[in-house]
Structure formats: C-alpha cells, structure tokens
Amino acid sequence: MPVDNDLYNRLAHTWWEQDGALTLIRTGLNDARFGYFRQVMMERLGMKPQGLRALDIGCGGGYLAEEFTRLGCRVSGIDPSPASIDAARAHARATGLDVDYRVGSGESIPYEGGTFDIVYCCDVLEHVRDLDRVIAETSRVLKPGGIYFFDTINRTWRSRLIEIKVLQEWPLTRVQPRGLHDWNMFIKPGELRTVLKRHALDDREVVGLKPRVSPFRLLRTLRGVQKGTVSYAEAGQQLNMGVTKDVSELYMGYALHRA
C-alpha cells in the first residue's frame, strides 16, 4: 500500500488526546460533517434516528460512532486496527455509551446482508485496497432504501498542494504524519458516483468541506502547531470547517440504496 495505514495502530493511543495529529479529525472535521449528516437524515429525509441500526466503516477511535449513538442510533463500528478498536471501546465505556465495536474491514464486513438502516464511511475510502469491493460490501449490508454517508478527498491539483505538500511534506507547515495520504489514491466525485451506481447506491448529493478562514490564517495556525504554541485540538477549532459548494479538495455526500 502506498499509504501507511499502520500508523493508526501506532497512534491509536492519541485518538482522544488534546495534542495528537488524529485530534484534528475530531475538532476540525467532526462537527461540520456530522451536522450535515444529521441535517440530511432528520430534515431532508424525515428519518427518526431512535433505534435505527448504523454501521461505521473505519470507525477509528469512535468519533462519529459516538455522535450517532447520542442521536439515538444503535451503532456498530468496524476498523482493521485492533489498537484503534481498543481505544474506541475504552472511550465508549468511560462515557457510558453502548457501541458494538469489532475488528474488521470494509472489504469484508462481518455482518449479514440487509442489517443496517445507515452506513457511513469517513476518512476511509482514500485508504482502501479495493474501493469497488468496499462499496459492494456496503450495499450488501444496507437495507433497501437505506442511506449511505461518505466523505473523502478529490484528486485535484488543490488536494495535491494542500493535503500532500502543505500538510505532509513542507517542513514549515507539516502537521500530519508522512504516508498518511497518497495523492494517487484520492477519488474524483465522478469516479465514486460510478462505483456507487454499479452497486445499487443512487448518489443524491455531493458537497465540499473546507476551512472558513483565509489562507494566511490557515498557514499561521499550522505554524503555531509546528512551534508548539497551538495544540492540535485548538488548530482544528481555528480552521472552522464548514460545508461549501467547492468540492476541489474534501467532499462528502450521501446516496440511497436502490430498493
């Protein structure tokens, strides 16, 4: 694999720390993307989340799994990193949340077909060996009419600049581990839409996700992390991520399982 997926084992103890690289996901991305997912479910589709079965593919330390659980869903989470599953279980116990966590991968989901009302896969699709297989498995475990949420990274010059050069490689701004992402594994929305359609998942919307700060403020925040004057948790908050029409870098959306 051109990406270093083993880093999720090495860094698993930092999922819920205030000053670890993975914390950027929790404080920078989680509010914006979960807010969008919740709005789609409850306002656009009129779904009542209480008791719905939800599957988190690539759950990591349990950021989104805990949000969906608090919303009232019965959540299962799978991840190929045993250390991350241990971290997710420990945090769920500490916060009194009931989440069914299991070691597993998107290519071979350990549940029967038609089990879930909701499946979501975030920060994952750009890391998998076989995208087609992951989407096929997603479709298999979704109930007819079920909803699939996703987010991933577009393969553009902008994502190469920001996600690879600025965040991973340039010494003055690097805040993510080397090998976290490989630009060639990023996925254009049209490519993802084609795979979804092949597996009975009808794409309904794609929106962008980006910082609502100026490029100058973004660079100043990254420099603060480098110098130790800004924690990763603070950096995520300062980025002020939000929904946008611009899908040239991060994007997310949803699809419905064709009955």
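Is S231 buried or exposed?

**View 1. S231 in its loop.** In this predicted model, S231 counts as buried because its relative accessible area is 16%, and the cut-off for buried is under 20%. You'll find S231 in the loop between helix 8 (215-227) and helix 9 (232-239). Leaving aside residues up to four places away in sequence, S231 touches Q18, D19 and V225.

**View 2. Strand 8, covered on both faces.** Strand 8 spans residues 250-257, and 8 of its 8 residues are buried. In a regular strand, side chains alternate between the two faces of the sheet. Here one side carries L250, M252, Y254 and L256, while the other carries Y251, G253, A255 and H257, and all of them are buried.

**View 3. The partners of strand 8.** Strand 5 (residues 142-153) pairs with strand 8 in the antiparallel sense over 7 bridges. Strand 6 (residues 201-211) also runs antiparallel to strand 8, joined to it by 8 bridges. Look for G253 in strand 8: F150 stands opposite it, and V206 stands opposite G253 too.

**View 4. The largest pocket.** This pocket has a volume of about 770 Å³. Its lining takes in 41 residues, with E163, L167, Q176, E249 and L250 nearest the centre. Helix 6 gives the most, 7 residues. By class, the lining has 27 nonpolar, 7 polar and 7 charged residues.

**View 5. The second largest pocket.** About 560 Å³ of space lies here. Of its 30 lining residues, G58, D79, P80, V124 and H127 are the closest to the centre. The lining divides into 14 nonpolar, 10 polar and 6 charged residues.

Key. Residues numbered from 1 in each chain as written. Predicted model: local features only at pLDDT ≥ 70, side-chain atom pairs only at ≥ 80, totals over all residues. Heavy atoms only, no water. Buried < 20%, exposed > 50% of the residue type's maximum accessible area, 1.4 Å probe, protein only. Helix = DSSP H or I, 4+ residues; strand = E, 2+ residues; numbered from the N terminus. Pairing = 2+ DSSP bridges. Contact = heavy atoms within 4.5 Å. 1 Å grid on protein atoms, 1.4 Å probe; cavity = no way out; pocket = protein on both sides within 12 Å on 5 of 7 lines; lining within 4 Å. Points joined across faces, edges and corners; volume = space filled by probe spheres on them. Nonpolar A, V, L, I, M, F, W, Y, C, P; charged D, E, K, R; others polar.
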